[in-house]
Amino acid sequence: MPSLAIIGAQWGDEGKGKITDYLSGEADMVVRFQGGNNAGHTIIVGDRVFKLHGLPSGVVRPGKLAVIGNGVVVNMEELLVEVEHVLENGCNIDGLRISDRAHLIMNYHKKLDGAEEAYRGKGVVGTTKKGIGPAYQDKMARIGFRAGDLLEEDLLKEKIRFLIGYKNDLLGMLGGERCGCTVESLFAKMMGWKEAVGDRICDTSVLINDALDAGDNVLFEGAQGAMLDIDHGTYPYVTSSATCGGGICTGAGVAPNRIGQVIGCLKAYTTRVGEGPFVTGLQGEEERRLQVKGGEIGVTTGRSRRCGWLDLVVAEHATRMCGFTSLAMTKLDVLNDYEEIPVCTAYRIDGETVEHLPASISRMQRAEPVYKTMKGWKSWNDTEAVVREGYDALPAEMRGYIEYVEDFLKVPADIVSIGPDRNETIDRRGGRWWD
Ligand code: GDP
Ligand code: IMO
Ligand code: MG
């Protein structure tokens with residue numbers, strides 16, 4: 001019953017897409033279990049670049065089942081555009097399956113996302129405006145559309161009738177633009193979705209559990225990161241789903257004892273998109289240097305990512321919330337050519353040293369980082385040799401940096417990533433992930 005999960009250990013964009021793609025070589029099934037097309041996962045294979053939002057990264061490799069679990073919110077319109085993108089790049093979607101319990105993101109959710117953000121004024125979250133929050137609100141309020149509804153026309157019509165009126169009233173109240181659709185036009189649009197993917201909609205919990213029973217290799221692909229978790233993240237500056245380990249059970253329909261290893265994807269420094277506290281965040285030239293070296297531009301929104309040093313208080317919180325059994329440390333190459341590299345090991349808040357992430361946002365905002373200074377390393381010019389010869393060929397100071405993090409978190413950094421390409425990956429387990 002082998003299963004692996006990949007979860008972001010920070011505020012998203014840690015390189016989960018790349019690591020999922022790397023590990024999916026021997027997977028039979030790749031499963032998304034939360035979030036929606038607020039995610040932006042980049043996969044680079046030679047000269048092909050994939051930017052996936054709603055599709056599981058498994059679609060990039062032929063012959064895998066790519067499953068959208070019940071915990072995901074799906075924008076069918078945008079998913080179909082993405083399907084075109086992968087088809088044009090020589091992949092197929094034969095393995096795509098969508099949970100009948102997955103909720104749908106509608107146009108009015110996107111409008112509400114914009115209207116709610118405008119209404120919040122100074123308290124803006126800085127969402128991706130993809131309608132994620134409003135879609136999850138409807139799920140909790142028990143009025144959402146589920147993918148399975150597309151297969152039940154009478155139920156669908158009844159829901160459409162209720163929801164168009166309800167959402168337009170809500171949009172009017174928030175000063176948002178109303179939806180132009182009628183019951184007939186929305187029904188026709190949704191029938192188009194049924195036509196396109198209706199035969200992919202099924203009970204994905206049964207599919208995943210059957211695969212596990214059969215001994216197939218199942219890879220769970222997290223979106224966002226632990227700090228954006230609705231419960232355990234920097235609330236209210238979070239997304240609306242369960243991004244930590246527990247989200248796998250509820251969002252894929254698998255029991256806790258079916259989750260094998262959990263790989264924490266940890267960027268060698270920290271980035272964050274949108275608002276909210278960022279204790280190790282940098283300003284000015286220092287921030288710019290990381291932004292430029294790391295190419296830190298958001299895949300989904302095109303916004304520049306805020307950048308700062310590695311925060312081990314954050315990483316410890318993520319490790320505790322997700323139960324990481326391995327780390328995949330990414331983007332170490334971006335730290336080349338620094339004389340010294342600060343790593344945050346604790347916070348100072350109101351004169352006290354704090355080792356665990358506080359729940360209070362105002363305490364987070366007052367927190368000062370306590371830094372340990374690590375020795376930097378010079379860049380090397382033969383990445384291929386490093387990839388070929390493995391971990392020991394890395395500069396000693398870089399190994400020192402990695403091993404400090406391993407000791408601090410008590411989790412081995414089994415994967416080290418030194419470039420965006422699938423090949424620029426050092427696998428310290430020599431590919432033995434599914435034994
Ligand atoms: P995700 O959302 O966690 O999948 O990450 P994103 O794709 O949003 O952002 C990570 C970015 O870093 C992408 O542009 C990747 O191609 C790139 N990347 C991943 N790993 C590495 C690495 O080790 N080094 C460098 N330089 N870039 C990387
Ligand atoms: P991947 O999977 C980085 C952030 C948004 C915003 C907050 C809430 O690529 O790592 P939402 O639209 O979800 O309601 O926005 O969460 N956010 C992400 N930041 N990477 C992501 O996904 C993100 N998905 C959402 O910027 O601050
Ligand atoms: Mg991303």
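This tour moves from the whole chain to the boundary between its two domains, and then to a loop with unusual backbone geometry.

**The whole chain**

Begin with the entire protein in view, bearing in mind that the model is predicted. Along its principal axes, the C-alpha trace spans about 65 × 50 × 40 Å. For 435 residues, a compact globule would have a radius of gyration near 22 Å, and the protein agrees with this because its own value is 22 Å. Switch to a cartoon representation to see the secondary structure, which comes to 13 helices and 20 strands. Salt bridges in the structure number 25.

**The two domains**

Next, colour residues 3–94 together with 203–427 as domain 1, and residues 103–200 as domain 2. Domain 1 is thus made of two segments, written on either side of domain 2 in the numbering. The C-alpha centres of the two domains are 29 Å apart.

**The boundary between them**

Select the residues at which the domains meet: 28 from domain 1 are in contact with 23 from domain 2. The area buried between the two domains is about 2,000 Å², and carbon and sulfur atoms give 59% of it. Now display V73, M76 and E77 as sticks; these residues supply 27% of the area that domain 1 buries against domain 2, more than any other three residues.

Polar interactions also cross this boundary. Between domain 1 and domain 2 there are 10 residue pairs in polar contact, counting pairs with both residues at pLDDT 80 or more. On the side of domain 1 that touches domain 2, the elements giving two or more residues are β6 (73–74) and α2 (76–88). Helix α2 gives the most, with 4 residues. Colouring that side by class shows 9 nonpolar, 14 polar and 5 charged residues.

**A salt bridge across the boundary**

The count of salt bridges between domain 1 and domain 2 is 3. Side chains of opposite charge can pair when their charged atoms come close. To inspect one salt bridge, select E78 and K110, whose closest N and O atoms are 2.5 Å apart. E78 belongs to helix α2 and K110 to helix α3 (residues 107–120), so the pair ties together parts that are 32 residues apart in sequence.

**The loop between β10 and α8**

Finally, move to the loop between β10 (218–221) and α8 (246–252), where P236 is found. Most residues other than glycine have a negative phi, and most peptide bonds are trans. Which kind of peptide bond joins Y235 and P236? The bond is cis, with omega at about 10°. Then select Q224, which is also placed in the loop between β10 and α8. Although Q224 is not a glycine, its phi is positive, at about 55°.

Key: Residues numbered from 1 in each chain as written. Chains lettered and ligands numbered in written order. Predicted model: local features only at pLDDT ≥ 70, side-chain atom pairs only at ≥ 80, totals over all residues. Heavy atoms only, no water. Domains from an automatic or database assignment. Contact = heavy atoms within 4.5 Å. Buried area = accessible area lost by both parts, 1.4 Å probe. Salt bridge = Lys/Arg side-chain N within 4 Å of Asp/Glu carboxyl O. Polar contact = N/O pair within 3.5 Å; in protein donor to acceptor, adjacent residues only side chain to side chain. Nonpolar A, V, L, I, M, F, W, Y, C, P; charged D, E, K, R; others polar. Rg over C-alpha atoms; globule rule 2.2 N^0.38 Å.
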